[in-house]
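This report covers how the parts of a model are arranged and where they touch. The sequence and structure are shown first.

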There are 2 protein chains.
Amino acid sequence: MGYYIAVDIGGTQMRAACIPCEKISPLIAKRISTQGLNATPEERLVELITTIWPEDQPVAAIGVAVAGWLDAYTGVIIEAPNIPGWGKLPLRQHLEDIFHVPVALGNDANLAALGEWRFGAGIGHHHLIYITVSTGIGGGVIMDDRMVLGVRGMAAELGHVTILPDGPMCSCGQRGHLEALASGPSIARWAQEELTKGKPSILPVGSPLTAKDVAIAAGQGDELAKAALARSGSYLGLALANYLHIFNPSIVIIGGGVSKSGPLLFEPMKAALHQYVMSPEYLDNLTLTTAALGDDVCLMGALALACALVPQHASIT
Amino acid sequence: MGYYIAVDIGGTQMRAACIPCEKISPLIAKRISTQGLNATPEERLVELITTIWPEDQPVAAIGVAVAGWLDAYTGVIIEAPNIPGWGKLPLRQHLEDIFHVPVALGNDANLAALGEWRFGAGIGHHHLIYITVSTGIGGGVIMDDRMVLGVRGMAAELGHVTILPDGPMCSCGQRGHLEALASGPSIARWAQEELTKGKPSILPVGSPLTAKDVAIAAGQGDELAKAALARSGSYLGLALANYLHIFNPSIVIIGGGVSKSGPLLFEPMKAALHQYVMSPEYLDNLTLTTAALGDDVCLMGALALACALVPQHASIT
């Protein structure tokens, strides 16, 4: 009965998998680097899809997750800061012209939410929030079993809300956004600032830090590193309280590299959530959990998008 | 072909109208006070509905807007601070048992959004945000032609998001919420504080102020009063920028008494919106407007809810 093709395109690498429509088994994805010397990213993408194109059965649909802003309805990339040349690019049309099958595009964090809802931690939930905490903070929202996309598919930018007016600069150019306070780089930056002030720590002064360095030091009991994670967790908890008031979900899923920091991040996050939620009714039966699909989450989301575009009653095995 | 009954219940008064399903004409509502000496609010409500019950044709459905928190799916009032005794009240069941027709309940601000979408400023839009700025700040959101309700119908509390951590106390008990910074009482409170500090103004020192007093003084050119409105407008604009990132709507509708303050509120709001939005893409083709349905907005929303519950292809005339 054919195949779906799922693609996940990041700034560094792109991955693609070909999945039987009738039997969605664990993904085996082929990966290549997004940028190369002799071809544009879109040429490399076409080559990648061609490489995994099945010979025995037709392809029902292609779902594509892109790290960037895009118009989810027209399939036009608006801006993908990490992929050179990908601004105002009608990628969906381009792929449909070449492969002659239906193609749908989605923002990677939006599709991660869709993936977790369809195949991961969110199965059975109808109202879901997914927040990925990594180099940036992205999000995806499912309400009433449908993605919240907005008029052009640019909704659910859950990292880009003001938490602290006049706070640190965000990657988007605004100040005090959640991303500027709780993302991996912001954890590292804060720890570095505290080190520079002379605060005691096992972290090295003067050399570049990552959130992973901070998490490792925190795991070893370093107070400054623990405070850096707790600060991020507290801001996440405050933002989550707002999102409960805005969306009243039954599940909140936290994904992304920083979410692997464990209780040193999550306990302060939960404490802040309880402190800032305006009524315990919002916490009744709320599931707060980490992502289940790991590194495949965006690819599984792209698959879920392809399934939604051309349903074939796929079931996971 | 029958009638819809629409009801709007506030802390002070309740209004009800009986509308022909086939011809939705301007509403003529009967109003009574919500609280009385010899009857509970729900007894008064039943009496009000009975009074307007039509004799010539059946009633297709009853839609009810309530100033309070409720579970929109079960029709149970969770808490209505301004209506004595209305906590954990299964109002939908109660009305269905008495009137034997389908009944649906909605939060008043949610239904105001629905009313504006179906009959007012939002006609033709699929992604809409409605914010009412009055004694409190409430909201309603339509995404993809459906109300954002969340798992229990407690979503879209757009006034209860933290804008200024450690800011002024909000009616909900949290600090620095939008409602605590931009609602009518918060405008009056800030003006009063500035007066107490000795700032020059034509506003009277030492006597209670309302937002309306401030708006009138601002209209007469009073600098302190203008600053109070501008402050509220700026916080609204900042919150709106967040909501554009979260919902990417095609229209934002501002309702409620404070929205009548005009340009002295709206110009600072627009300036802040432009300052805080992270990409001009969110403003492309965005309609920013005031509510069209005036005092009937919640009643029209209750009517829209009844229409959605039992569709009769009603059209407005």
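The text below treats the relation between the chains, then their contact, then the domains of one chain.

The model is predicted. Superposing chain B on chain A takes a rotation of 180° with 0.0 Å of shift along the axis, at an RMSD of 0.0 Å. This is the relation of a two-fold axis. Both copies use the same surface, since 100% of the contact residues of chain B recur in chain A.

The contact between the chains draws 35 residues from chain B and 35 residues from chain A. On the side of chain B that touches chain A, helix H7 (residues 223–247) of chain B gives the largest share, 5 residues. That side of chain B has 19 nonpolar, 11 polar and 5 charged residues.

Within chain A, two domains are assigned: domain 1 (3–113 + 295–309) and domain 2 (123–291). Their C-alpha centres lie 27 Å apart. Where they meet, domain 1 of chain A contributes 11 residues and domain 2 of chain A contributes 16 residues. On the side of domain 1 of chain A that touches domain 2 of chain A, strand S5 (69–71) and helix H3 (108–119) of chain A each supply at least two residues. The largest share there, 5 residues, comes from H3(A).

The table sets out the classes of residues on two of these contact sides.

| Side | Nonpolar | Polar | Charged |
|---|---|---|---|
| Chain B, touching chain A | 19 residues | 11 residues | 5 residues |
| Domain 1 of chain A, touching domain 2 of chain A | 8 residues | 1 residue | 2 residues |

Conventions:
Residues are numbered from 1 along each chain as its sequence is written. Chains are lettered from A and ligands numbered from 1 in the order in which they are written. This is a predicted model: local features need pLDDT of at least 70, side-chain atom pairs count only at pLDDT 80 or more; totals for chains, interfaces and linings use all residues. Two residues are in contact if their C-beta atoms, placed from the backbone, lie within 7 Å. Helices (H or I, at least four residues) and strands (E, at least two) are DSSP runs, numbered from the N terminus. Ala, Val, Leu, Ile, Met, Phe, Trp, Tyr, Cys and Pro count as nonpolar, Asp, Glu, Lys and Arg as charged, and the others, Gly among them, as polar. Domain bounds come from an automatic or database domain assignment. Copies are superposed by least squares on the C-alpha atoms of residues with pLDDT of at least 70 in both.
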